[in-house]
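I sat down with this model today and kept notes as I went. Here they are, for anyone who wants to follow along at the screen.

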Amino acid sequence: MKKIVNERYQETRFEETLENGLHVILWQKKDYVKSMFMMVTPLGAMDMKQVDENGEEYHFPAGIAHFLEHKMFEMKDGDVMDAFSTMGANVNAFTSYTETAYYFTTSNAIEEPLKLLLDFVQELAIDEESVEKEKGIIIQELHMYKQMSDSRLLMETYASLYKNHPLRYDIGGDDDSVQSITLEQLEECYRINYHPSNMVLVGVCSEDPENIMKIIRENQSGKKFPKMAGIKRLEFDESEKPARETYTFSMDVTLPKVSIAYKLDGVEDVSQRMKEEWCIRILLDAYFSSLYPDFQTWLDDKIFNDYVGCEVDLGKDYGMIMFYAETLKQEKFKEIVQDTLKRMESGDIDKKVLQQLKRRYFGQAIRSLNSFDDIVITSARCYFDKTDFFSSMDILDAIDEKDIKDAANKLKQGHCSIVTLLPEKSK
């Protein structure tokens, strides 16, 4: 087991890759009573097309990663949640666009829940009948999210931006894709994505890492796994133009909501991607937050209320900036967003504002080192991205005005999609 010490942040973690390929990352927090362990596969909603190292391609319906997450909680001899509960542990899972994660938290002994986590994630116990039953449950869940205005606005924004990229789908897919999923597809998707060599186990607790590793080694030594070719996501060809330049829909809301999103190019190199995302986030906060002098005036003039914000998301093969607000003055809001992006494109930023934002983000990152949730998911994502846990913080710390200018040069006023949510009576 390798001990990795970061002197700057005074943090230590331990890592080991087992013979079957499972990578383990352990953080010891001696003064904490709570423990958290998470097992993650880089199978997410974007993994609809995959290819292994032998060149064999696999195509799956939208939502299959989320479907598998649901089915993993079935056991041959009982219910996974009940089993964790009897051990005094809470278990849960989530699927994102880039990964599926299973985790438990407890303030009690960790050995039994840890073994159970390893056991249930490493065995798929489903049949035709259970798969068909699950389809109705998932479709009902999808319909529930469609009734949430914020969630629906985001999904319609993605669907408007992207023509071919999997981001155009909800993480759970849609009614047709869920109905099309078969037992055989679930088993194949599980086989190629849930092999130990494709997963990482991250733990944070107060116990001696060597004792924890002993539990994990013993558990894994008693299991047999076939050799598995490495798997990766196939990239999608995506045009610069959005799928829909404008889209309007209605729901039971009191005030209209507007989303204005711009397509950006993806960034292949993960370190460069982190830098550009930090720089764009800094520009967004400098020009579209309370730090910008006109922002309070916009609020006072009721151009929008306190439901307002902006986001940036850069990936390997996609990128976007989104502005959103609840507003009765939609045209004025659009003008403000266009003007904001023009100012951002200049790359000009006050040096004091830059340092203020860097200190704010850095402080948030330091505080996150006390959050078990942040530690485990960030550790997993950094492992899959082949980067160090603290790289993002180091990159942020080194950003200067030139980096801001360089990132601003990649912003684009075109390739925009505007999505408007109106109250139903406005139809």
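**Entry 1: salt bridges**

I searched the whole structure for salt bridges and got 28. I am working with a predicted model, so I keep that in mind throughout.

I looked at a few pairs one by one. Side chains of opposite charge can pair when their charged atoms come close. Arg-13 and Glu-15 make a salt bridge, with 2.8 Å between the closest N and O atoms. I checked how covered they are, and both Arg-13 and Glu-15 are buried.

Next I went to helix H9, which spans residues 270–287. Glu-277 pairs with Arg-281 there, and the closest N and O atoms are 3.0 Å apart. Why are these two separated by about one helical turn? Glu-277 and Arg-281 are four residues apart in H9, so about one turn of the helix lies between them. Their cover is worth a note as well: Glu-277 is buried at 18% relative accessible area, because the cut-off for buried is under 20%. Arg-281 comes out at 29% relative accessibility and counts as partly exposed.

I then found a pair in helix H11 (residues 330–346), where Glu-335 and Lys-332 sit three residues apart, which means a separation of about one helical turn. Their closest N and O atoms are 3.8 Å apart, and the pair is listed as a salt bridge. Glu-335 is partly exposed with a relative accessible area of 40%, and Lys-332 is partly exposed with 39%. I also noted a network: Arg-8, Asp-394 and Asp-397 are joined by salt bridges that share partners.

**Entry 2: His-23**

I stayed with Glu-15 a little longer, since its side chain also makes a polar contact of 2.7 Å with the side chain of His-23. His-23 belongs to strand E3. Is His-23 buried or exposed? I found His-23 buried, with a relative accessible area of 8%.

I listed the contacts of His-23, leaving aside its neighbours within four places in sequence. Among them are Glu-15, Glu-16 and Thr-17, along with Pro-196, Met-199 and Tyr-383. Val-200 and Leu-201 are on that list too, and they took me to my next strand.

**Entry 3: strand E11**

I wanted to know how enclosed strand E11 is. E11 covers residues 200–205, and six of its six residues are buried, so the strand is largely enclosed by the rest of the structure.

I looked at the two faces in turn. In a regular strand the side chains alternate between the two faces of the sheet. On one side of E11 I noted Val-200, Val-202 and Val-204, and on the other Leu-201, Gly-203 and Cys-205; all are buried, and both faces are covered.

Which way do the partners of E11 run? Strand E3 (residues 23–28) runs parallel to E11, joined by six bridges. One bridge to find on screen is the one between Val-24 and Leu-201. Strand E4 (residues 35–41) pairs with E11 in the antiparallel sense over five bridges. Here I picked Phe-37, whose bridge partner in E11 is Gly-203.

**Entry 4: strand E5 and its partners**

I moved on to strand E5 (residues 49–52), which pairs with strand E6 (residues 57–59) in the antiparallel sense over three bridges. Gln-50 has Tyr-58 as its bridge partner in E6. E5 and E6 form a hairpin with four residues between the strands, and Gly-55 takes a positive phi near 90° in that hairpin.

E5 also pairs with strand E12 (residues 231–233), again antiparallel and over three bridges. I marked Val-51, which has Lys-232 as its bridge partner in E12.

**Entry 5: Phe-67 and a surface patch**

I looked up Phe-67 in helix H1, residues 64–71. At 1% relative accessibility, Phe-67 counts as buried. Leaving aside neighbours within four places in sequence, I noted its contacts, including Val-131, Ile-138, Val-178 and Leu-186. Ile-181 is a contact as well; Phe-67 and Ile-181 are 114 residues apart in sequence and 8.6 Å apart in space, C-alpha to C-alpha.

Last, I turned to the surface. Met-144, Tyr-145 and Met-148 form a nonpolar patch there, with about 270 Å² of accessible area together. Tyr-145 is part of helix H4 (residues 128–146), and at 34% relative accessibility Tyr-145 counts as partly exposed.

How values were computed: Residues are numbered from 1 along each chain as its sequence is written. This is a predicted model: local features need pLDDT of at least 70, side-chain atom pairs count only at pLDDT 80 or more; totals for chains, interfaces and linings use all residues. Side-chain values use heavy atoms; hydrogens and water are left out. Buried means under 20% relative accessible area, exposed over 50%, partly exposed in between (1.4 Å probe, protein chains only). Two strands pair if DSSP finds at least two bridges between them. Patches are made of residues with over 30% relative accessible area and no salt bridge: like charges are joined within 9 Å, nonpolar side chains (Val, Leu, Ile, Met, Phe, Trp, Tyr) within 5 Å. Accessible areas come from the Shrake-Rupley method with a 1.4 Å probe; for residues, only the protein chains shown count as cover. A salt bridge is a side-chain nitrogen of Lys or Arg within 4 Å of a carboxyl oxygen of Asp or Glu. A polar contact is a pair of N or O atoms within 3.5 Å; within protein, one must be able to donate a hydrogen and the other to accept it, and residues adjacent in sequence count only if both atoms are side-chain atoms. Contact means heavy atoms within 4.5 Å.
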